[in-house]
Amino acid sequence: MKGRKLLMIPGPVEFTPEVLRAMGEPTTSHVAPNFIETFGECLEMTRDVFLAPSAQPFIVAGTGTLAMDLAVCNITEPGDKALVVSSGYFGGRMGDILCRYGAEVDHLTAEIGDVAGAEQLKDKLDEKDYDIVTFTYVDTSTGVLTDVETLAPIAKKAGCLTVVDGVCGTAGAECRTEEWDIDVHLTGSQKAIGVPPGLAILTVSEDAMDKFENRETPVANYYADFGNWLPIMEAYENRGGAYFGTPAVNLINALHASYSQILDEGMEARFERHERLAKAFRAGAEGMGLKMLPKSEELASPTLTALYYPEGVDASLTGDINEEGAIVAGGLHPDIKEEYFRVGHMGDCNESDVLSTLGAIERALAKNGYTCAAGAGVAAAQRVLSEE
Ligand code: PMP
């Protein structure tokens, strides 16, 4: 029997052989000419993947949380007023980071499975003169997709800088950074970007760079200070080597391989593929009688799906799904952690991965005494996948 299991958690995801090969190439000097070219091209391709043609890209060694830290510490000054539009666990983290840098933070938090809409945001923005508004594009704890396309321009028009935590969405869920008025779009490498964990990636608009450049107080974080990283990014983009902290040479090689595959597929095709696979997965889950956390299809992320355990089934289901060949994740939102599980379907994920996972869930459910018509989930998903 094959020892391989499908890795279907919301990050890290499965990576392509090309990415893993690039990562395994002998490490070079960070100022070797071929690495300078690779890093320079990665910075350029970041603009293409984020659809942020005039933004300043940053690629720094660290996780998604470092990307959040980089975003916040550089554009926040003590006393700034920040609004966190929250749809789960990671909104809380963003609030904590903003507080750490001295911002006065309010949260606009919806009930679990929902997120604030345009009217609620407008009301909040009328109450106070906010400097920064943050959004979690996809909250990994709930699978809720925030309508950043509508909300970010509202915040921008109110004179705020907009920050989007795209860790669980970027390069999978449609996101048009510049068109949608996103000042700082941040992510980590390990999800739909398709590179093992370890890179913080962000694009920063001219307005956000202005705020950084005109700060009255020093950035209260040494490693994350744009003042240290901007000259490095500029140097590599101009095809010169530079040093502040040693670049993650092998991860950047892997990023180059992944970006090349992403752009070969094309952003539009990639967004559509994620939508289609997610729709099929949700149909499959529904076909087995499972209920998702997001309150509506519009709120459901194309990169992961959070599903309640059916009655009589508990969190041990995830172990059984794993035994059936698909690794999925348990709950994360502290209020309902034991009531649901999460399945990632992003990056290099394909139709067969979705169908195999649904099959594994069905078999695991049966082991737990929950039955549905044989193949009901797979059949429902197949119907979506066979639609034009
Ligand atoms: N934001 C979101 C939406 C995430 O899903 C995650 C990771 N799951 C993070 C931030 C933090 O990223 P990391 O774990 O790489 O620090």
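## Pocket, cavity and sheet in a predicted model

The largest pocket has a volume of about 260 Å³. The structure is a predicted model, and the values below are computed from it. A total of 19 residues line the largest pocket, and those closest to its centre are Phe90, Thr140, Val167, Gln190 and Lys191. Two elements, H3 and helix H4 (89-100), give two or more residues each to this lining. H3 gives the most, with 3 residues.

Where does the largest pocket lie with respect to domain 1 and domain 2? Domain 1 covers 6-11 + 267-385 and domain 2 covers 17-264; both give residues to the lining of the largest pocket, so the pocket lies between them.

The structure also holds 1 cavity of 30 Å³ or more. About 60 Å³ of space lies in this largest cavity. Its lining has 13 residues, of which Ile59, Ala61, Trp229, Pro247 and Ala248 are the closest to the centre. S2 and helix H8 (226-237) each supply at least two residues of the cavity lining, and the largest share, 3 residues, comes from S2.

The table gives the lining of each space by residue class.

| Space | Nonpolar | Polar | Charged |
|---|---|---|---|
| Largest pocket | 9 residues | 6 residues | 4 residues |
| Largest cavity | 11 residues | 2 residues | no residues |

The lining of the largest pocket thus includes 4 charged residues, whereas the lining of the largest cavity has no charged residues.

Both S2 and H3 recur in the description of the sheet. This open sheet is formed by 7 strands in the order S2-S10-S9-S8-S5-S3-S4, with mixed pairing. Its edge strands are strand S2 (56-61) and strand S4 (104-109), each of which pairs on one side only. On average, neighbouring strands of the sheet are turned by 15° against each other, direction ignored. S2, the strand with the largest share of the cavity lining, is therefore an edge strand under the rule that two strands pair if at least two bridges are found between them.

Within the sheet, strand S5 (residues 132-136) and strand S8 (residues 161-165) pair in the parallel sense over 5 bridges. Thr134 has Val163 in S8 as its bridge partner.

Which strands does helix H3 lie across? Helix H3 (residues 64-75) lies across S2, S5, S8, strand S9 (184-188) and strand S10 (199-204). The helix runs at about 155° to S9. H3 is also the element that gives the most residues to the lining of the largest pocket.

Definitions and conventions:
Residues numbered from 1 in each chain as written. Predicted model: local features only at pLDDT ≥ 70, side-chain atom pairs only at ≥ 80, totals over all residues. Heavy atoms only, no water. Helix = DSSP H or I, 4+ residues; strand = E, 2+ residues; numbered from the N terminus. Axes fitted to C-alpha atoms, helices over the stretch in contact; angles between N-to-C directions. Contact = heavy atoms within 4.5 Å. 1 Å grid on protein atoms, 1.4 Å probe; cavity = no way out; pocket = protein on both sides within 12 Å on 5 of 7 lines; lining within 4 Å. Points joined across faces, edges and corners; volume = space filled by probe spheres on them. Nonpolar A, V, L, I, M, F, W, Y, C, P; charged D, E, K, R; others polar. Domains from an automatic or database assignment.
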